[in-house]
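The following note is offered to a colleague meeting this structure for the first time. Please read the points beside the sequence and the model.

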Amino acid sequence: MDLTLTAEEEAFRDELRAWLEENHPGPSPTGGDQAQFEFERKWQKVLHAGGWAGISWPKEYGGRGATLIEQAIASEEMARAKVPRPANVLGLVMGGPVVIAHGDEEQKERFLDPILSGDEIWCQGFSEPESGSDLASLKTKAVKSNGGWKVTGQKVWTTFAHEAKWCMLLARTDPDVPKHKGLTYFICDMEQDAVEVRPLRQITGESEFNELFIEDAEIPDENVIGGVGNGWNVAITTLMHERAGLGASAALQLGIALDELAELASERGRADDPIIRDKLARLRIGIEGLRLGAMRALTETMKVGIPGPEGSVAKLQWSSANQGLTELAVEVGGVELLEKDNLWAYRFLRARANSIEGGTTEILKNIVAERVLGLPKLR
Ligand SMILES: Cc1cc2nc3c(=O)[nH]c(=O)nc-3n(C[C@H](O)[C@H](O)[C@H](O)COP(=O)(O)OP(=O)(O)OC[C@H]3O[C@@H](n4cnc5c(N)ncnc54)[C@H](O)[C@@H]3O)c2cc1C
């Protein structure tokens with residue numbers, strides 16, 4: 001791993017930094033979830049027009065063909081500039097890379113461009129009420145019917161399903177083979193009556209995710225990705241991309257939040273408190289560890305071509321640092337920090353989900369133990 005930027009990487013960073021200064025969309029709007037989502041969709045269009053959506057996607061599919069190190073630089077620059085995330089984040093980070101890795105040419109032609117432009121929003125329909133960590137046990141079934149599939153089942157925690165045109169849907173196509181082998185990965189059209197989307201309200205007051213009730217939804221054969229019965233392999237690619245994508249800019253965002261927390265400690269006269277100082281220092285060290293680990297994971301990905309289990313380490317470090325940081329903010333700021341509309345209150349409440357979303361802490365620890373450290377498996 002070489003942490004020095006090459007001349008090309010520096011030029012790339014400077015170009016993006018200048019572009020962000022010129023094109024910054026300004027502060028987030030007030031007016032709730034929908035206004036925020038439209039703001040993020042508009043921002044994605046600006047990114048797309050400037051050639052900054054799908055930065056690491058190959059040029060032939062409309063991306064910028066950047067290396068993963070450049071992708072990490074870009075994520076850092078965007079975090080530094082405090083621009084919003086693009087609306088179609090799940091399509092950009094997971095849907096597109098999966099279609100590029102496992103899709104055929106027609107699927108690439110059909111699906112990739114509207115992901116980049118944000119015209120078609122994607123969601124991820126993996127988790128079910130009784131299948132989260134043990135994803136391969138999922139029960140949603142797909143049955144062959146003329147020229148396609150009929151899908152029936154229930155999904156839960158489906159982020160952005162209420163905005164989505166397409167869902168990366170994992171369903172059981174063969175109940176008679178071992179559970180990992182009977183799954184198929186579909187791209188399901190959300191715009192049909194057979195798919196009912198019911199919002200779930202979170203502790204923050206937002207409704208970012210949903211339940212899906214699916215009754216005989218129709219999916220044509222051409223929307224199977226990676227072949228019938230190969231869904232588990234395709235799903236693993238999705239999850240690796242999800243975790244790899246999370247790690248890249250997390251350290252910078254956490255670093256900015258930690259600076260704000262240090263300022264808060266000064267304002268509240270707690271900056272000289274040795275216990276608070278110790279906690280701030282531990283967080284700073286953890287964030288630096290996350291940054292270096294994320295760079296190491298990227299180096300490994302560049303060597304082998306696809307993200308590996310190292311992304312799970314970054315996801316673990318990020319969730320623990322963000323929860324520790326927001327808890328410390330509440331300790332420093334006291335209960336008044338928890339008032340409605342206080343940004344710290346939002347961050348504190350939203351951070352509770354960090355150790356569940358994208359794989360729980362316990363599951364990630366198993367992955368790190370077995371697949372990164374090579375410790376013996378329990379089962
Ligand atoms: C904000 C948010 C957004 C999400 N967005 C999506 C989305 O868009 N699409 C989607 O498909 N899913 C989404 N999820 C779901 C998420 O992936 C699951 O919640 C997660 O995988 C855990 O599954 P579960 O909730 O069923 O918990 P369970 O799997 O039931 O786990 C419950 C507890 O048991 C522990 N546990 C389970 N198995 C083991 C084991 N083998 N060893 C040790 N401990 C274990 C877990 O760590 C956890 O503490 C989202 C979740 C959140 C919080």
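**Notes on the model**

1. P27 is found in the loop that joins α1 (7-23) and α2 (32-49); helices (H or I, at least four residues) and strands (E, at least two) are DSSP runs, numbered from the N terminus. P27 counts as exposed because its relative accessibility is 74%, where exposed means over 50%, buried under 20% and partly exposed in between (1.4 Å probe, protein chains only). From C-alpha to C-alpha, P27 and V83 are 8.2 Å apart in space, although 56 residues separate them in sequence.

2. The basis of these values should be stated. This is a predicted model, in which local features need pLDDT of at least 70 and side-chain atom pairs count only at pLDDT 80 or more, whereas totals for chains, interfaces and linings use all residues. Residues are numbered from 1 along each chain as its sequence is written, and side-chain values use heavy atoms, with hydrogens and water left out.

3. Which residues are closest to the ligand? They are Q124, S133, W157, T360 and E362, out of 17 that surround the ligand; a residue is near a molecule if one of its heavy atoms lies within 4 Å of it. Helix α10 (residues 361-372) supplies the largest share of this shell, 3 residues.

4. Polar contacts (pairs of N or O atoms within 3.5 Å) can be listed for the ligand. A polar side-chain atom of E362 is 2.5 Å from a ligand oxygen atom. A backbone N or O atom of S127 lies 2.7 Å from an oxygen atom of the ligand, and one of W157 lies 2.9 Å from a nitrogen atom of the ligand. Of the 980 Å² of accessible area that the ligand has on its own, the protein covers 66%, by the Shrake-Rupley method with a 1.4 Å probe.

5. Strand β7 (residues 209-220) pairs with β3 (residues 148-156) in the antiparallel sense over 8 bridges; pairing requires at least two bridges found by DSSP. The bridge partner of V156 in β7 is E211. Strand β6 (residues 195-200) also pairs with β7 in the antiparallel sense, over 6 bridges, and V197 has L212 as its bridge partner in β7.

6. Helix α7 (residues 274-304) has 31 residues. At the N-terminal end of α7, D273 acts as a cap, with a side-chain oxygen 2.9 Å from the backbone nitrogen of I275. The buried residues of α7 include I276, L280, L283 and I287. After α7 comes G305, with a positive phi near 100°.

Notes: A polar contact is a pair of N or O atoms within 3.5 Å; within protein, one must be able to donate a hydrogen and the other to accept it, and residues adjacent in sequence count only if both atoms are side-chain atoms. The expected span of a helix is 1.5 Å times one less than its number of residues.
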